[in-house]
Amino acid sequence: MKKLIALILAPLCLLGLVACFPVDPGYGNTMAYAGWSDDPAIADGALNKGQLANENGNHLPIFKFDTLDDLNQFKAKYDGVLALDQGYNSVLSFNEALTKAQWDREGFFKDNSLLAVYVPANSGSLRFCVHKIEANDTSLCVYVEQANHPKVVTDDMAGWFVLVEIADDEIRNCYAYDAIFVNSEK
């Protein structure tokens with residue numbers, strides 16, 4: 001009986017390492033380290049580049065990968081701009097997070113897409129996660145919030161990816177994508 005319980009609990013514990021917070025049932029998500037960059041190529045390549053110039057500054061660059069080839073092209077384009085192979089303070093690198101969640105395999109993209117939201121931060125102590133996801137027939141928006149509120153923070157610049165898996169059926173007719181930072185300090 002103890003072995004059976006251990007077998008059941010082990011995969012559940014592993015899921016806790018992959019998910020940021022269980023916010024939206026049906027949307028697997030996690031955070032990965034990306035390194036900080038102010039390179040304009042990040043905004044220029046984002047799906048919501050027009051929104052990023054918005055004066056309120058709450059919009060975050062969002063990228064969508066429909067195929068493994070899309071993901072590999074992104075990695076080739078941004079490998080010198082962002083730290084895709086480097087983790088930070090127990091947070092996995094972009095590439096490690098993809099492998100752990102199995103989002104770097106051809107089979108994943110058969111029925112799913114992957115969204116990546118780049119979140120720049122003025123401290124490596126801050127962490128981010130999905131607040132909520134709103135989707136309708138033609139658009140999808142990922143709302144990102146700060147997951148922790150430490151009293152003391154480091155003074156290094158950092159950047160993070162909030163990664164979200166989504167079924168292709170849910171976004172089949174979507175043509176507009178956005179990501180917005182929401183201040184939900186507790």
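Is Glu134 buried, partly exposed or exposed? Glu134 is partly exposed, with a relative accessible area of 40%. The points below place this residue and others in the structure, which is a predicted model.

1. Lys132 and its two partners. Glu134 takes part in a salt bridge with Lys132, and the closest N and O atoms of the two are 3.0 Å apart. Lys132 is itself partly exposed, at a relative accessible area of 32%. Lys132 also lies over the face of Tyr143, at 5.1 Å from the ring centre. A reader who finds Lys132 in the model can therefore look for a carboxylate partner, Glu134, and for an aromatic ring, that of Tyr143.

2. Other salt bridges. Side chains of opposite charge can pair when their charged atoms come close. How many salt bridges does a search of the whole structure find? The search finds four. Besides the bridge of Lys132 with Glu134, they include one between Asp66 and Lys64, with the closest N and O atoms 2.9 Å apart. Asp66 is partly exposed at 30% relative accessible area, and Lys64 is partly exposed at 24%. Another joins Asp104 to Arg105, where the closest N and O atoms are 2.9 Å apart. Asp104 counts as partly exposed, with 23% relative accessibility, and Arg105 is partly exposed as well, with a relative accessible area of 38%.

3. The buried face of α4. Which residues of α4 are buried? They are Leu68, Leu71, Phe74 and Tyr78. Viewed down the helix axis, these buried residues fall within an arc of 120 degrees, so they line one face of α4. The elements that cover them include α2 (40-45), β2 (62-65), α5 and β6 (158-167). Both helices and strands are thus named among the cover of this face.

4. Aromatic pairs. A pair of aromatic rings is described by the distance of the centres and the angle of the planes. The whole structure holds 14 aromatic pairs. In one of them, Trp103 and Phe108 have ring centres 6.3 Å apart and planes at 45 degrees, so the pair is tilted. Trp103 counts as buried at 1% relative accessibility, and Phe108 is buried with a relative accessible area of 10%. In another, the rings of Tyr118 and Phe161 have their centres 5.9 Å apart and their planes at 65 degrees, so this pair is edge-to-face. The pair links distant parts of the chain: Tyr118 belongs to strand β3 (residues 112-121) and Phe161 to strand β6, 43 residues apart. Tyr118 is buried at 3% relative accessibility, and Phe161 is buried at 0%.

5. One aromatic cluster. Tyr118 and Phe161 also belong to an aromatic cluster, together with Phe63, Phe65, Phe74, Tyr78 and Phe94. Two members of this cluster, Phe74 and Tyr78, have already appeared among the buried residues of α4. The cluster is therefore a useful place to read points 3 and 4 together, with Phe74 and Tyr78 on the face that α4 buries and Tyr118 and Phe161 forming the edge-to-face pair.

6. Two residues with positive phi. Where does Asn89 lie? Asn89 is in the loop between α4 (68-78) and α5 (94-101). Its phi is positive, at about 45 degrees, although Asn89 is not a glycine. Asn89 is exposed, with a relative accessible area of 56%. Ser90 has its place in the loop between α4 and α5 too. Ser90 has a positive phi of about 75 degrees and is not a glycine either. Ser90 is exposed, at a relative accessible area of 77%.

7. Cysteines. A disulfide is a covalent bond between the sulfur atoms of two cysteines. How many disulfides are counted here? The count comes to zero. Cys141 counts as buried, with 10% relative accessibility, and Cys174 is buried, with a relative accessible area of 12%.

Methods
Residues numbered from 1 in each chain as written. Predicted model: local features only at pLDDT ≥ 70, side-chain atom pairs only at ≥ 80, totals over all residues. Heavy atoms only, no water. Buried < 20%, exposed > 50% of the residue type's maximum accessible area, 1.4 Å probe, protein only. Salt bridge = Lys/Arg side-chain N within 4 Å of Asp/Glu carboxyl O. Arc of directions from axis to C-beta. Contact = heavy atoms within 4.5 Å. Phe/Tyr/Trp six-rings, centres within 6.5 Å; stacked < 30°, edge-to-face > 60°. Lys NZ or Arg CZ within 6 Å of the ring centre and 35° of its normal. Disulfide = S-S within 2.5 Å.
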